[in-house]
Amino acid sequence: MIMKHFDRLQGEVTVPGDKSISHRSIMLGSLAKGTTEVTGFLQGADCLSSISCFQKMGIDINNNPETNTVLIHGKGLHGLSAPSDILDVGNSGTTTRLMSGILAAQPFTSTVDGDASIRKRPMGRIMTPLSMMGASFESLATDKCAPFKIHGGNLQGIHYESPVASAQVKSAILLAGLYADGQTSVTEPALSRNHTELMFESFGIDIKTIGTTATVTPAKELIAQKIEVPGDISSAAYFIVAGLITPNSEITIKNVGINPTRDGILTVCKNMGADITLSNVKDDIGEPVADITVRTSSLHGCTIEGDIIPKLIDEIPVIAIMAAFANGTTIIKDAQELKVKESNRIDVMVNNLSSMGVDIEGTEDGMIIRGGKPLHAATIDSKLDHRIAMSFAITGGLADGDTEIIGAECVNISYPNFYSDLDMLTK
Ligand code: S3P
């Protein structure tokens, strides 16, 4: 796809529902008794994978893509039935890891598989703690990768010191903990997104967080809830950055989730000198939301490291774009997790930004970007990674010449209407 040029971006946009919260709504709704109604559900391919996996385990789920409303007719904590087929997670790491936590406790064996990217992603990080709890895993191709079989078992509560700050690992263990014979706790090296913990609270589950340790007490029964999914800050991030780096622009992104475990990009924008304001801040749906307004800004480089990294991990590709347009040097450290996302996001950003003329260097745990020079067009290989495609869609609009994105349609994973929403803001 050849990216359209723009001189200016102006207007309001509502981004689709949060991907993390949408996945969790399907899983907890399936385990609750009664009908859970989800509004603002993300119709991205990843969340549809979660729906189809739980349908394969006998849960009746009605998705209305016109209204983004999903009705999940949950059968209770022990209501899943053995799938007659492979559970196909597509491209979705969240489906793979969180669902595995649930499968670990089921009285049946299941097989999980996904696309070429999923088959390369590390699953040892969930296999280790879930095996300690009593499940067993068999990798069917590559060790500690998908495809794998899970033999569910009677689980014991554990205390797990996670080597990575990963909400997927934490959530897999906490979901398994719902079925264990005692409390289960997870300590992380830094706090990762806490949507599982917040949704556990709304479903009446006893969950406590002290510092970076979350502890769950096994649940007796979950009761169906109403869930309103806020806009995804990770999707809003493309318009936040686009509005800041495009001349004469002002964009308001409505109803965005600003959970403090996800809002690292807002801090980085402010540190780089961005004109960014929040309005209509509300906290009545279990997750805080706000409208975010950005205006063209003169940005400068900064260092991004330490505990903020998990709060902006998915935004690093688009933050690297912002750094390329900022004056001075931006250093990103402690972000080695980027290598095991949908693509190796350090390599892919370095290769693609270099080809547009940016002075960028990859490091073991991040990248160094010396920004402020004009960018020229190039052919961008998205590696079928949605966050790479969207990052370069906004960059291509500003570069000198025609930028082509290979695999541009992969935005469908998390933001099916991305290109038309970008078009709508283009003046
Ligand atoms: C997610 C957690 C993060 C994030 C992913 C969604 C989640 O992954 O990158 O897009 O919904 O829990 P890790 O937990 O592996 O860091």
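Which helices each supply at least two residues of the lining of the largest pocket? Keep that question in mind as we walk through this predicted model, beginning with its sheets and ending with its open and enclosed spaces.

Let us start with a sheet in the earlier part of the chain. Here four strands come together in the order β5-β6-β8-β7, forming an open sheet with mixed pairing. At its edges you will find β5 (87-88) and β7 (136-139), each of which pairs on one side only. Inside the sheet, look at β6 (residues 109-113) and β8 (residues 148-151): these strands run antiparallel and are joined by four bridges. A handy landmark is Thr 111, which stands opposite Lys 149 in β8. If sheets are new to you, it helps to know that strands pair through backbone hydrogen bonds, either parallel or antiparallel.

Now move along to another sheet. Four strands make up this open sheet as well, in the order β9-β10-β12-β11, and the pairing is mixed. The edge positions belong to β9 (159-161) and β11 (207-210), each pairing on one side only. From one strand to the next, the twist averages 15°. Between β10 (residues 184-187) and β12 (residues 213-216), four bridges link strands that run antiparallel. To find your place here, pick out Ser 185, whose bridge partner in β12 is Thr 215. A helix accompanies this sheet: α5 (residues 167-177) lies across β9, β10, β11 and β12, and runs at about 170° to β10.

Next, let us see how two helices meet. Helix α8 (residues 264-271) packs with helix α9 (residues 316-325) at an angle of about 10°, their axes being 11 Å apart. Because angles under 35 degrees count as roughly parallel, α8 is roughly parallel to α9. On the α8 side of the contact are Ile 265, Val 268 and Cys 269, and they meet Val 318, Ile 319 and Met 322 of α9. The contact consists of six nonpolar residues, with no polar and no charged ones.

We can now return to the opening question. The helices α1 (19-31), α3 (93-103), α5 and α11 (386-396) each give at least two residues to the lining of the largest pocket. One of these, α5, is the helix we saw lying across β9, β10, β11 and β12. The largest pocket has a volume of about 620 Å³. Its lining has 37 residues, and those nearest the centre are Ala 165, Ser 166, Ile 313, Glu 337 and Lys 341. What mix of residue classes does this lining hold? It divides into ten nonpolar, ten polar and 17 charged residues.

The second largest pocket holds about 360 Å³ of space. Twenty residues line this pocket, with Asn 91, Ala 116, Ser 117, Glu 342 and Lys 383 closest to the centre. By class, its lining has seven nonpolar, five polar and eight charged residues.

Finally, look for space that is closed off inside the protein. The count comes to one cavity of 30 Å³ or more, and the largest cavity has a volume of about 50 Å³. Which residues line the largest cavity? They are Asp 18, Ile 21, His 195, Pro 230, Gly 231, Ile 233, Gly 257, Asn 259, Arg 262 and Glu 287. Sorted by class, this lining comprises three nonpolar, four polar and three charged residues.

How values were computed. Residues numbered from 1 in each chain as written. Predicted model: local features only at pLDDT ≥ 70, side-chain atom pairs only at ≥ 80, totals over all residues. Heavy atoms only, no water. Pairing = 2+ DSSP bridges. Axes fitted to C-alpha atoms, helices over the stretch in contact; angles between N-to-C directions. Contact = heavy atoms within 4.5 Å. 1 Å grid on protein atoms, 1.4 Å probe; cavity = no way out; pocket = protein on both sides within 12 Å on 5 of 7 lines; lining within 4 Å. Points joined across faces, edges and corners; volume = space filled by probe spheres on them. Nonpolar A, V, L, I, M, F, W, Y, C, P; charged D, E, K, R; others polar. Parallel < 35°, antiparallel > 145°, perpendicular 65-115°, else oblique.
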